[in-house]
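Could you walk me through this structure in the viewer, stop by stop? I would like to know what to select next and what is there.

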Amino acid sequence: NWISHGAMALLMFAAPPAAAEKLLVSGYVLAFLAGAWYLAGAARAGERWLAFLAFPFAYHQLFQFGFYNFAISVALFQTALGFWWRHRERAGVRFAVEINLLLWLCYFSHILSLTLALMGIGVLWLATLRRESWRRHLLHVPILLPQIVLPIWFLRDQGRGEMPATWPLEQLARYFGRLEVLYTLGEAQLWLGGALAVLFLLLLVATLARRRGWREE
């Protein structure tokens with residue numbers, strides 16, 4: 001949870017605290033939207049317009065609560081996932097340095113987004129494993145191996161206490177199903193979240209029906 005504090009400290013050399021916070025918030029929003037645009041383009045360059053579906057999530061609930069580090073980490077998560085997908089075929093030294101730097105930035109924002117980025121890359125790595133290119137594919141394992149160092153250090157240092165109370169599964173499912181992360185100002189936003197959830201589900205079903213088979217996309 002260092003990124004926003006470091007950025008604020010640097011920004012306050014050039015602006016008073018209130019203006020520095022506004023610059024930080026503006027930078028986050030631009031980074032989030034740019035990350036969505038980059039990820040959509042990496043998956044399918046001809047359909048970048050789908051990135052506009054991410055716009056409602058820029059001012060999500062946790063951002064409104066002031067969790068700036070987590071918000072920035074979500075922007076970095078999108079960029080890291082898109083970068084890996086776009087450049088996965090050139091698993092060399094330059095790629096190793098770039099993807100690790102992106103993921104380390106993710107870690108120093110929030111460990112959850114780093115974990116989700118590694119899980120996402122892992123799923124995509126398995127989905128694109130081919131018999132004819134498995135040797136090159138296996139290079140990604142040592143390339144990403146440095147990413148386990150900082151989380152292990154974090155868990156060793158912080159993970160000794162008891163887990164706090166969590167929501168029951170039913171409440172978690174309702175929160176996810178209605179996209180309550182968009183609920184910040186009023187009840188009307190719950191209708192927006194539900195509508196978006198249905199739209200995403202329909203798009204998923206339509207994509208699977210149109211493709212009629214497994215492809216990398």
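What follows is a short tour of a predicted model, from its core out to some charged side chains.

**Stop 1: the core**

Begin by selecting Y28, F32, W84, F95, I99, L103 and I143. These residues have the most contacts inside the largest nonpolar core, a set of 48 residues. To see where the core draws its members from, colour α2 (17–43), α4 (68–87), α5 (93–109), α6, α8 (140–144) and α11 (188–211), the elements that give two or more residues to it.

Now centre on I99. Beyond its sequence neighbours within four places, I99 is in contact with A80, F83, W84, I143 and L144.

**Stop 2: helix α5**

Next, show α5 on its own. This helix has 17 residues and runs 25 Å from first C-alpha to last, close to the 24 Å expected at 1.5 Å a residue. Which residues of α5 are buried? Select F95, A96, I99, N100, L102, L103, C106, Y107 and S109 to see them. As a reminder when looking down the axis, an α-helix has 3.6 residues a turn, so residues three or four places apart point the same way. Bring the surroundings back, and you will find the buried residues of α5 packing against α1 (3–11), α4, α6, α8 and α9 (149–158).

**Stop 3: a buried loop residue**

Move to Q147, in the loop between α8 and α9. Is Q147 buried or exposed? With a relative accessible area of just 1%, Q147 is well under the 20% limit and therefore counts as buried. Leaving out residues up to four places away in sequence, Q147 touches N100, L103, W104, L114 and L118.

**Stop 4: aromatic rings**

Switch on the aromatic side chains. There are 12 aromatic pairs in the whole structure. One of them joins Y107 and F108, edge-to-face, with centres 5.1 Å apart and 80° between the planes. Y107 is buried at 7% relative accessible area, whereas F108 is partly exposed at 26%.

For a group of rings, select Y28, F32, Y59, F63 and Y68, which ring pairs link into a cluster. Y28 and F32 will be familiar from the core stop. Then zoom in on W85, where R88 lies over the ring face at 3.8 Å from the ring centre.

**Stop 5: salt bridges**

Now for charge. Side chains of opposite charge can pair when their charged atoms come close. The structure holds 5 salt bridges, and three residues make a good place to start: R90, R94 and E98 are linked in a network. In one bridge, R90 meets E98 with the closest N and O atoms 3.1 Å apart; in another, R94 and E98 meet at 2.9 Å, N to O. R94 and E98 both belong to α5 and sit 4 residues apart, about one turn of the helix. How exposed are the partners? R94 is exposed at 60%, while R90 is partly exposed at 33% and E98 is partly exposed at 23%.

Another pair to select is R44 and E47, whose closest N and O atoms are 3.7 Å apart. R44 is partly exposed at 22% relative accessibility, and E47 is partly exposed at 22%.

**Stop 6: a short helix to finish**

Finally, pick out H137 in helix α7 (residues 134–138). H137 is buried, at 9% relative accessibility. Beyond its neighbours within four places in sequence, H137 is in contact with W125, T128 and L129.

Note on methods. Residues are numbered from 1 along each chain as its sequence is written. This is a predicted model: local features need pLDDT of at least 70, side-chain atom pairs count only at pLDDT 80 or more; totals for chains, interfaces and linings use all residues. Side-chain values use heavy atoms; hydrogens and water are left out. Buried means under 20% relative accessible area, exposed over 50%, partly exposed in between (1.4 Å probe, protein chains only). Contact means heavy atoms within 4.5 Å. Rings of Phe, Tyr and Trp (its six-membered ring) pair if their centres lie within 6.5 Å; planes under 30 degrees apart count as stacked, over 60 as edge-to-face and the rest as tilted. A charge sits over a ring if NZ of Lys or CZ of Arg is within 6 Å of the ring centre and within 35 degrees of the ring normal. A nonpolar core is a set of buried Ala, Val, Leu, Ile, Met, Phe, Trp, Tyr and Cys residues joined through side-chain atoms within 4.5 Å. The expected span of a helix is 1.5 Å times one less than its number of residues. A salt bridge is a side-chain nitrogen of Lys or Arg within 4 Å of a carboxyl oxygen of Asp or Glu.
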